[in-house]
Amino acid sequence: MVAFAIGIRHGPPQRPPSMYGDDLGILSRIEVQMLGRSGGTGARRGVQVRRRRRLVRRVMAALVVMLVVMVGVSYGQALLAPGDAPWTVRTVEWVRDNGGAGVVDAVENWWFTRNPPPNAAPDSSVLPDLPAPQTVQPGATPKATLGRKTASPPIVTIPSGIRPVAREGAWVPGRLDRQGLPAMFTTFVQPDSSHASVVAAIAWIRSSDTVGHLVAGTTQPGGDGWPAGARIPPGDVSSLVATFNSGWRFNDLLGGFYENGRYSHPLQQGAGSVVIDRSGRVTVGQWGRDVSMSPAVVAVRQNLHLIVDAGAPAPGIADASGPWGVPKNQRQFTWRSGLGVDARGNLIYVAGDGMTLKMLTAALVSAKAVRAVELDMHSHMVFFARWLPTRANGPVAPAKLLPTMPSDADRYLAPDQRDFFYVSLR
């Protein structure tokens with residue numbers, strides 16, 4: 001009893017008894033313990049959630065950085081890829097190749113169909129810079145050809161409703177062949193009376209005097225190891241008559257590519273085709289009907305379907321319903337080019353800015369093409385240079401067919417990204 005009393009007297013102070021007995025104290029202690037446990041668990045859970053959120057944010061940031069790096073590397077490779085091409089062209093083609101073809105097409109269709117050229121006389125700055133004293137009138141035979149049985153350029157038909165400007169349809173001689181006769185002539189025409197400001201330049205190249213060549217570019221048609229190194233061989237520069245662009249990118253068209261026994265893309269039956277044989281003669285026709293594979297064929301470049309056939313526009317040209325891309329593409333007012341042959345097999349090249357496919361076709365028909373294909377389109381894709389000696393027996397130098405053509409006149413002397421043609425003297 002003494003021990004008990006001392007324990008009571010010297011122990012912790014006692015709470016006054018509750019009217020409810022000791023049950024309330026027990027409950028309070030249990031509640032505190034429960035709250036302590038639940039508070040600790042919640043804190044731990046909060047810490048874990050915050051850690052998970054930080055981890056997710058870090059992973060997402062790493063993925064974004066990786067994506068930016070991958071895109072940057074891909075775009076940088078496109079900008080630095082070998083071959084001549086401006087950064088604007090490289091950028092557009094990079095977007096196309098990385099899932100943005102539909103966006104590019106939509107923008108091009110919106111822009112080029114809503115900015116038609118005016119219906120006014122052509123500005124002198126867009127006309128070919130051709131020497132007037134050498135002009136040969138339409139249908140006239142140059143004096144140099146007298147006494148020699150040779151093909152001459154045809155009379156250019158001026159479309160109805162056009163008020164011709166000075167020298168329109170008049171042929172100007174270009175590079176002379178080894179007998180002193182012009183191997184090429186150039187002129188121009190207004191192909192559409194509703195858009196008279198548009199000028200289509202025309203080059204007529206005599207097939208009996210020249211040799212045609214097709215050269216693969218660094219990116220088109222694709223693949224490595226093509227001959228010529230994507231440029232004009234230095235040994236052929238002195239005999240150059242003309243250099244000009246080829247067709248569309250192969251991702252965007254029906255058609256194939258063949259050169260010296262090697263295919264880059266399979267040749268397509270029915271496609272419009274530029275064909276070069278072992279003698280260097282160039283012709284244009286429908287694959288499987290006018291032209292086909294044989295041991296004599298050394299190069300074939302296909303591009304969609306013929307736009308001129310039997311001397312007339314192909315069906316579907318007039319209303320943009322044919323197989324040359326979507327109708328809006330055919331109605332774009334932009335740089336366009338085409339290549340055809342006349343009834344005697346001579347080459348006819350046409351190019352101009354602000355043209356629809358219908359205008360390009362009309363210009364080819366005006367120049368008496370019997371069969372023709374569309375070549376490339378848009379700025380920096382369309383290019384033609386004529387080559388002339390700077391003086392008697394001197395080195396040759398290029399001049400653009402139209403002064404407003406983008407690219408330098410000596411394009412193709414250095415490796416180019418796109419495939420192209422060049423014509424040299426026999």
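The largest pocket holds about 600 Å³ of space. Of the 26 residues that line this pocket, R96, V104, E108, D252 and H378 are the closest to its centre. This is a predicted model. The second largest pocket holds about 330 Å³. Beyond the pockets, the points below cover strand β2, residue R206 and a five-stranded sheet.

**Largest pocket**
- Two elements, α3 (87–113) and β15 (371–377), give two or more residues to the lining of the largest pocket.
- Helix α3 supplies the largest share of that lining, ten residues.
- By class, the lining of the largest pocket has ten nonpolar, eight polar and eight charged residues.

**Second largest pocket**
- The lining of the second largest pocket has 20 residues. Nearest its centre lie P117, V198, W335, D353 and G354.
- At least two lining residues each come from α3, β13 (334–341) and β14 (347–355).
- Strand β14 gives the largest share, three residues.
- The lining of the second largest pocket divides into eleven nonpolar, seven polar and two charged residues.

**Strand β2 and its partners**
- Strand β2 spans residues 184–189, and six of its six residues are buried, so β2 is largely enclosed by the rest of the structure.
- M184, T186 and F188 point one way from β2. F185, T187 and V189 point the other way. All of them are buried.
- Strand β1 (residues 172–173) pairs with β2 in the antiparallel sense, over two bridges. Here V172 stands opposite T186 of β2.
- Strand β3 (residues 200–205) also runs antiparallel to β2, and six bridges join the two. In this pairing F188 stands opposite A201 of β3.

**R206**
- R206 sits in the loop between β3 and β4 (210–215).
- The relative accessible area of R206 is 0%. The cut-off for buried is under 20%, so R206 counts as buried.
- The R206 side chain makes a polar contact with the side chain of D209, at 2.9 Å.

**Five-stranded sheet**
- An open sheet is formed by five strands in the order β4-β18-β5-β16-β17, with antiparallel pairing.
- Its edge strands are β4 and β17 (396–400), and each pairs on one side only.
- From one strand to the next, the twist averages 20°.
- Within this sheet, β5 (residues 240–245) and β16 (residues 384–389) pair in the antiparallel sense over three bridges. A242 stands opposite R386 of β16.

Definitions and conventions: Residues numbered from 1 in each chain as written. Predicted model: local features only at pLDDT ≥ 70, side-chain atom pairs only at ≥ 80, totals over all residues. Heavy atoms only, no water. Buried < 20%, exposed > 50% of the residue type's maximum accessible area, 1.4 Å probe, protein only. Helix = DSSP H or I, 4+ residues; strand = E, 2+ residues; numbered from the N terminus. Pairing = 2+ DSSP bridges. Polar contact = N/O pair within 3.5 Å; in protein donor to acceptor, adjacent residues only side chain to side chain. Axes fitted to C-alpha atoms, helices over the stretch in contact; angles between N-to-C directions. 1 Å grid on protein atoms, 1.4 Å probe; cavity = no way out; pocket = protein on both sides within 12 Å on 5 of 7 lines; lining within 4 Å. Points joined across faces, edges and corners; volume = space filled by probe spheres on them. Nonpolar A, V, L, I, M, F, W, Y, C, P; charged D, E, K, R; others polar.
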